[in-house]
Amino acid sequence: MIIKQFTKEYAKEAQALAWANYEEERVYVPVLPADAQMPPAESMLENDLGVVALEYDKVVGFIASYGPWEGMLDTYDELGMFSPVHCHGAVKENRRRIYQDMYEYLGSVLYKKNILGLGIALYAHDTEAKEAFFEYGFGMRCKDQIRLISEEMPIRNNDMIAEGILSFEELELKDFPLLTGYRDMLKDHLKEAPCFMQVSTEDHVKFISRVLKGDRRTFVAKIDGEIAAFIDIADSAETFVTYHPKMINIQGAYCDPKYRGQGIY
């Protein structure tokens, strides 16, 4: 097996491999859309920092990524990269070794350029890939889940719960500042065990300012007219699947601890 720089000549073959890995995951998660659209293969080549694994001139694995950015995935002052699920892949046979060999090569390239952070999105059921990166020091930042929404789902507007009358509504953009305190509580919650997601005050302020520009929709649950929980949704997130026109993505959610466990969400 030969590991070398990922170049345009390997782009189409690499994307076919990424599609094959996606279809593997759809066996376990059939709700994933069959007609999802991956970004163009050439988009993975923008920074010239990808690697490809070859056996007899056939692509058996590749890792590309976007960036580098400063502070990517809470790396603060360090440069970091991010590789979403369409930017990497490997054949089933010897998958763990292929990923680890590619990462050894890629890691040395990034280190020489003072890029010290790498985030990679993996499919939940790809045990070989997960073990490959966990054994090389990666931890898990978060999980994405997906479910179908049906007309049979119960609607609980103006329902009675223990604390009072429960109702739901969509916030208007002018009312988004009402949730600043709740977003602060979510930040504090995530920095505790077991998440330990430390977000600087400066980054949190930047996040709040982006929210207030209205790039998402926000819904709230109210109890006797007072906000008890919120949920943010947006048209896209961190993987190509989330851009599907029939999918919406949760971008943030928090419920006051005293109202949890009552089915509000």
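The sulfur of Cys 142 lies 9.4 Å from the closest cysteine sulfur, that of Cys 195, which is too far for a bond. A disulfide is a covalent bond between the sulfur atoms of two cysteines, and here a pair of cysteine sulfur atoms has to be within 2.5 Å to be counted as one. Cys 195 is therefore in no disulfide, and the count by this rule is 0. Cys 142 is partly exposed at 43% relative accessibility, and Cys 195 is partly exposed at 40% (buried means under 20% relative accessible area, exposed over 50%, and partly exposed in between, with a 1.4 Å probe and protein chains only).

The model is predicted, so local features need pLDDT of at least 70 and side-chain atom pairs count only at pLDDT 80 or more, while totals for chains, interfaces and linings use all residues. Residues are numbered from 1 along each chain as its sequence is written, and side-chain values use heavy atoms, with hydrogens and water left out.

Turning to charged side chains, the structure holds 18 salt bridges (a side-chain nitrogen of Lys or Arg within 4 Å of a carboxyl oxygen of Asp or Glu). One of them joins Asp 232 to Arg 183, with 2.5 Å from N to O. Because Asp 232 sits in strand β11 (residues 226-234) and Arg 183 in helix α4 (residues 180-190), this pair ties together parts that are 49 residues apart in sequence. Helices (H or I, at least four residues) and strands (E, at least two) are DSSP runs, numbered from the N terminus. Asp 232 is buried at 1% relative accessibility, and Arg 183 is buried at 4%.

Another salt bridge pairs Lys 222 with Glu 169, whose closest N and O atoms are 3.3 Å apart. This pair links distant parts of the chain, with Lys 222 in strand β10 (residues 217-223), Glu 169 in strand β9 (residues 164-170), and their positions 53 residues apart. Lys 222 counts as buried at 18%, whereas Glu 169 is partly exposed at 36%.

Between helices, Glu 128 forms a salt bridge with Arg 96, the closest N and O atoms being 3.8 Å apart. Glu 128 belongs to helix α3 (residues 127-135) and Arg 96 to helix α2, and the two residues are 32 residues apart. Relative accessible area is 34% for Glu 128 and 24% for Arg 96. Through salt bridges that share partners, Arg 96, Glu 128, Glu 131 and Glu 135 form one network.

Aromatic rings also come together, with a count of 11 aromatic pairs (rings of Phe, Tyr and Trp, the last by its six-membered ring, with centres within 6.5 Å; planes under 30 degrees apart are stacked, over 60 edge-to-face, and the rest tilted). Tyr 22 and Tyr 123 make a tilted pair, 6.4 Å centre to centre with 45° between the planes. Since Tyr 22 is in helix α1 (residues 11-28) and Tyr 123 in the loop between β7 and α3, the pair ties together parts 101 residues apart in sequence. Both Tyr 22 and Tyr 123 are buried. Ring pairs also link Tyr 99, Tyr 103, Phe 133, Tyr 136 and Phe 138 into a cluster.

Tyr 103 and Phe 138 appear again among the residues lining the second largest pocket, together with others including Leu 110 and Ile 115. A pocket is an open set of points on a 1 Å grid over the protein atoms alone, where a 1.4 Å probe fits, with protein on both sides within 12 Å along at least five of seven lines; lining residues have an atom within 4 Å of a point. Helix α2 (95-112) and strand β7 (115-120) are the elements that give two or more residues to this lining.
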